[in-house]
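Before you use this model at the bench, please read the points below alongside the coordinates. They are kept to what can be checked by eye or by a simple calculation.

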Amino acid sequence: MILEAAMLHVRPGSEAQFEAAFQQASPYIAITPGYIGHELQKCMEQPAKYLLLVRWETLEAHTIGFRDSPQYQNWKQLLHHFYEPFPTVEHFETVRL
């Protein structure tokens with residue numbers, strides 16, 4: 001499993017609109033092959049800051065499967081205009097101890 005993590009900074013004052021748009025966009029990512037699940041966390045100290053965590057079966061399920069899909073275009077149209085600055089996305093894998 002791969003964990004995608006993105007710190008999302010939205011324009012202050014647009015939090016409610018962002019959350020509504022995120023709810024509308026969520027089905028687009030959920031239908032992607034290799035998708036496992038996602039969650040959106042809101043920062044308690046900075047209300048315009050969110051943490052998006054997405055679980056994928058493989059890195060390629062996200063970087064190729066989702067990003068090269070028509071669903072991503074819908075996701076992008078609904079959400080990308082809220083970000084200031086545009087987020088950095090990182091991918092993590094479990095450390096086997």
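**Notes on the predicted model**

1. Phe 86 is exposed, with a relative accessible area of 52%, where exposed means over 50%, buried means under 20% and partly exposed lies in between (1.4 Å probe, protein chains only). Its ring partner Tyr 83 is, by contrast, buried, at a relative accessible area of 10%. The rings of Tyr 83 and Phe 86 have centres 5.9 Å apart and planes at 70°, so the pair is edge-to-face; rings of Phe, Tyr and Trp (its six-membered ring) pair if their centres lie within 6.5 Å, and planes under 30 degrees apart count as stacked, over 60 as edge-to-face and the rest as tilted.

2. On provenance, this is a predicted model, in which local features need pLDDT of at least 70 and side-chain atom pairs count only at pLDDT 80 or more, whereas totals for chains, interfaces and linings use all residues. Residues are numbered from 1 along each chain as its sequence is written, and side-chain values use heavy atoms, with hydrogens and water left out.

3. The protein chain has three helices and four strands, and along the sequence these follow the pattern β-α-β-β-α-α-β. Helices (H or I, at least four residues) and strands (E, at least two) are DSSP runs, numbered from the N terminus.

4. As to overall dimensions, a compact globule of 97 residues would have a radius of gyration near 13 Å, and the protein chain agrees with this at 13 Å; the radius is taken over C-alpha atoms, and the globule rule is 2.2 Å times the number of residues to the power 0.38. The C-alpha trace spans about 40 × 35 × 20 Å along its principal axes. Buried residues make up 39% of the 97 residues. Of the contacts with a separation of 6 or more, 71% come from residues 24 or more positions apart, a contact being heavy atoms within 4.5 Å.

5. Helix H1 (residues 15-30) holds 16 residues, which at 1.5 Å a residue should span 22 Å, and its end C-alpha atoms are indeed 22 Å apart; the expected span is 1.5 Å times one less than the number of residues. A kink of about 35° nevertheless lies at Gln 24, shortly before the proline Pro 27, the bend being the angle between axes fitted to the seven residues ending there and the seven starting there.

6. Which residues of H1 are buried? They are Glu 15, Phe 18, Ala 21, Phe 22, Ala 25, Ser 26 and Ile 29. Their cover includes strands E1 (2-9), E2 (35-42) and E3 (49-56), together with helices H2 (59-66) and H3 (70-79).

7. A search of the whole structure finds 10 aromatic pairs. One of them joins Phe 18 and Tyr 50, a tilted pair at 4.9 Å centre to centre with 55° between the planes. This pair links distant parts of the chain, since Phe 18 is in helix H1 and Tyr 50 in strand E3, 32 residues apart. Phe 18 is buried at a relative accessible area of 0%, and Tyr 50 also counts as buried at 2%. Ring pairs link a cluster whose members include Phe 18, Phe 22, Tyr 50, Trp 56, Trp 75, Tyr 83 and Phe 86.

8. How many salt bridges are there? The count comes to two, taking a salt bridge as a side-chain nitrogen of Lys or Arg within 4 Å of a carboxyl oxygen of Asp or Glu. In one, the side chains of Glu 19 and Lys 42 meet at 3.2 Å, N to O; Glu 19 lies in helix H1 and Lys 42 in strand E2, so the pair ties together parts that are 23 residues apart in sequence. Glu 19 is partly exposed at 33% relative accessible area, as is Lys 42 at 42%.

9. Glu 39 forms a salt bridge with Arg 55, with the closest N and O atoms 3.4 Å apart. This pair also links distant parts of the chain, Glu 39 being in strand E2 and Arg 55 in strand E3, 16 residues apart. Glu 39 is partly exposed at 28%, and Arg 55 is partly exposed at 27%.

10. A cis peptide bond joins Glu 84 and Pro 85, with omega about 0°, and it deserves a look. Pro 85 lies in the loop between H3 and strand E4 (89-93). Most peptide bonds are trans.
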